[in-house]
Amino acid sequence: MTAPALWRDLRRFTDARVGLGRVGTAQPTAAHLDFQEAHARARDAVWSALDVPALEAGIARPVLRVRSAAADRREYLLRPDLGRRLAEGTALPRAPGCIALVVADGLCATGVQRHAPGVLDLLIPTLPLPAAPVVVAELARVALGDDIAEAMGAAAVVVLIGERPGLSATDSLGLYITWAPRRGRTDAERNCISNIRPGGLSCADAAAKAAWLLRAAQALGATGVALKDDMALPAP
Amino acid sequence: MAPGRGIIAAMPFAQTVAGTRYVFDDLKTLLARATPFRSGDALAGLAAGSAAERVAAQRALADLPLARFLTEAVIPYEADDVTRLIIDRHDAGAFAPVRSLTVGGLRDWLLAAEPAAVTALAPGLTPEMAAAVSKIMRVADLMQVAAKCRVVTRFRNTIGLPGTLSIRLQPNHPTDDARGIAAGVLDGLLLGAGDAVIGVNPATDNVDAVMGVLRMLDTVRDRFAIPTQTCVLSHVTTTMLAMQRGAPVDLVFQSIGGTQATNASFGVTLALLKEARDQALALRRGTLGDNVMYFETGQGSALSAGAHHGVDQQTLEARAYAVAREYAPLLVNSVVGFIGPEYLFDSKQILRAGMEDHFCGKLLGLPMGVDVCYTNHAEADQDDMDALLACLAVAGVTYVMGVPGADDVMLAYQSTSFHDGLTARALLGKRAAPEFEAWLDRMGIGGDDERIPARLSPALIGLA
């Protein structure tokens with residue numbers, strides 16, 4: 001390819017809104033309306049709910065269902081504390097020494113629906129410890145995984161959770177790993193892999209990185225700031 | 001015993017409004033009830049129960065002597081290293097001009113004072129004093145007083161001079177792809193952005209990946225001889241590791257909060273921040289100055305981490321600025337709308353918080369910028385950001401963000417675009433940092449040509 005001579009040619013390198021041109025100091029009409037349309041789509045995606053039966057069919061393993069203590073989507077948005085706690089009376093089987101696997105809707109269910117089964121398929125055979133039954137959690141924040149894993153007696157927890165929708169991607173999945181999970185763990189005690197989606201990190205790369213982090217966490221006995229992602233990069 | 005160590009028992013405050021008597025048990029309760037309504041304080045159970053209770057608290061707060069803040073800490077001295085930093089660093093000499101005033105008296109003093117007097121006050125004010133006075137000020141008051149504060153910092157250029165508005169160029173990419181980031185950098189440069197910093201939020205905290213982005217940004221800066229600084233906003237410990245391995249680190253970034261436990265939730269301590277700063281200073285990469293730190297903050301982080309000690313989120317945000325100023329940063333910004341609607345529900349709350357954060361930061365002597373932004377589950381849109389950006393620019397905000405088309409494709413939120421930065425500069429007659437402005441002129445940037453100027457050939461930075 002030849003080097004771009006025109007400003008708009010920069011678009012071939014990134015999905016970011018580069019090379020828009022300008023009218024005075026403002027964006028041209030078409031670019032402005034493209035943005036408005038993308039914002040409208042993202043706003044609608046915020047309220048997308050998880051289709052649990054479809055998700056279960058995709059996972060092809062025994063699946064347990066739980067909900068957080070939040071009553072509905074609006075309460076979930078405004079009360080993050082409730083989204084971090086299991087609903088009263090939730091019972092889960094014990095899985096001591098296992099890795100708990102939680103699939104959570106988060107702020108946008110689309111990415112979970114599309115990518116969580118693929119990541120789990122690739123990740124489960126490479127786990128350094130046995131996998132606990134998969135738990136599908138609705139109205140869930142990341143820290144709900146601590147509650148779930150503590151109830152199961154798991155050694156670690158992997159939470160696959162929908163990331164909030166942006167303008168250019170409404171199907172992004174996040175993955176959080178917490179060693180020795182229990183209620184009250186902070187975000188500095190987790191490792192995160194984000195932007196799992198087409199155009200971001202592939203399911204295969206995400207699963208490989210998660211497996212690397214879990215093995216490193218097992219060796220270190222911890223996740224979070226103490227565990228540096230020092231996985232070798234693939235040759236360019 | 002030194003003051004501030006809890007030797008004076010908390011005394012209740014009382015105020016009657018419209019025939020009802022309201023009692024506030026202690027200083028932190030008074031501050032919380034006096035705060036304009038926001039969802040995070042309601043979530044924490046700290047917000048006033050009614051508009052009348054709020055104004056009663058504001059009246060009681062206005063009558064409070066400033067000296068009280070030196071004897072009653074909102075979080076005990078023994079329990080929190082941020083409180084210790086605040087009390088131990090308080091400059092009684094700088095405080096002298098206002099030491100006999102009440103909070104209400106301070107508001108009047110600030111509005112009437114000359115810029116030099118307001119600027120000189122910074123080391124004499126505690127964050128709680130700044131937060132308290134902001135709670136009895138309107139947005140116009142916050143603008144007027146912030147505009148008087150002079151804060152100038154330097155690394156490879158000069159940031160914060162009167163009449164300037166700098167832009168952080170934020171060319172994030174969902175996989176940290178070098179060419180994707182480079183295209184974002186070039187786009188921003190062509191639209192006059194990047195004098196605050198060219199700063200990438202990495203998609204991964206992988207050390208090699210972070211080092212790769214650091215090298216690429218340094219190459220771009222070097223090839224085009226841009227008088228600015230670059231930064232990868234990874235965790236401070238990752239940046240320290242990158243420095244040890246020889247990566248070209250200009251600025252050390254870290255998110256910080258207003259309590260010891262909040263900082264612990266970010267995986268940092270005050271000692272760690274000092275160590276990182278010392279490490280960056282030893283690289284001696286700054287040509288005009290040695291402001292090597294870059295901090296981000298935001299209301300709600302303490303509550304999110306369960307580390308708020310019953311203190312309202314705006315007061316805690318101001319306390320984060322006491323942490324920041326300990327390390328002489330080049331740049332500090334609140335990421336005001338990023339945290340989400342559970343802390344700032346809608347555009348009204350985001351606008352108020354953004355103006356408070358800028359005011360408190362400036363009053364405490366920081367080079368304060370604001371990420372004018374919102375997420376897609378907040379009740380806000382780009383019109384609201386235009387209003388906040390305009391208010392901040394009038395208030396003399398040090399810098400704002402420049403994101404391609406205002407859409408961050410990695411962090412999935414909306415901020416201000418390169419165009420927005422140009423518009424704010426044009427509307428208010430603001431200019432870029434002088435060294436950067438001279439560079440823009442040299443490179444032939446700012447014309448109406450669709451063609452990229454030859455001196456900025458994309459091939460020079462690997463775009464071919």
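# Questions on a two-chain model

Guide: Chain A has a secondary structure of seven helices and six strands, where helices (H or I, at least four residues) and strands (E, at least two) are DSSP runs numbered from the N terminus. This is a predicted model, in which local features need pLDDT of at least 70 and side-chain atom pairs count only at pLDDT 80 or more, while totals for chains, interfaces and linings use all residues. Residues are numbered from 1 along each chain as its sequence is written, chains are lettered from A and ligands numbered from 1 in the order in which they are written, and side-chain values use heavy atoms, with hydrogens and water left out.

Visitor: In what order do the helices and strands of chain A follow one another along the sequence?

Guide: The pattern of chain A reads α-α-β-α-α-β-α-β-α-β-β-β-α, and its C-alpha atoms fill a box of roughly 65 × 45 × 35 Å along the principal axes.

Visitor: Why is Cys149(B) called buried?

Guide: A residue counts as buried under 20% relative accessible area, as exposed over 50%, and as partly exposed in between (1.4 Å probe, protein chains only). Cys149(B) has 8% relative accessibility, so this residue is buried. Cys98(A), at 12%, is therefore buried as well. Of the 236 residues of chain A, 52% count as buried.

Visitor: What keeps Cys149(B) from counting as part of a disulfide?

Guide: A disulfide is a pair of cysteine sulfur atoms within 2.5 Å. The closest cysteine sulfur to that of Cys149(B) belongs to Cys360(B) and lies 10 Å away, so the two are too far apart for a bond. Over all chains, the structure holds zero disulfides.

Visitor: What makes the phi of Ala60(A) worth pointing out?

Guide: Most residues other than glycine have a negative phi. Ala60(A) is not a glycine, yet its phi is positive, at about 60°. Ala60(A) sits in the loop between helix H2 (52-59) and strand E1 (63-67) of chain A, and its relative accessibility is 67%, so this residue is exposed. Arg284(B) also has a positive phi, near 50°, and belongs to the loop between helix H14 (270-283) and strand E9 (293-297) of chain B.

Visitor: Why is Arg284(B) called exposed?

Guide: Its relative accessibility is 73%, so Arg284(B) counts as exposed.

Visitor: How do you know how much area chain B and chain A bury between them?

Guide: Buried area is the accessible area (1.4 Å probe) that two parts lose on being put together, summed over both. For chain B and chain A this comes to about 5,000 Å², with 55% of it on carbon and sulfur atoms. Asn376(B), His377(B) and Glu450(B) supply 13% of the area that chain B buries against chain A, more than any other three residues. The contact (heavy atoms within 4.5 Å) takes 70 residues from chain B and 58 residues from chain A.

Visitor: Why is the meeting of Asp407(B) and Arg17(A) called a salt bridge?

Guide: A salt bridge needs a side-chain nitrogen of Lys or Arg within 4 Å of a carboxyl oxygen of Asp or Glu. The side chains of Asp407(B) and Arg17(A) meet at 2.7 Å, N to O, so the pair satisfies that rule. Across the interface of chain B and chain A, six salt bridges are found.
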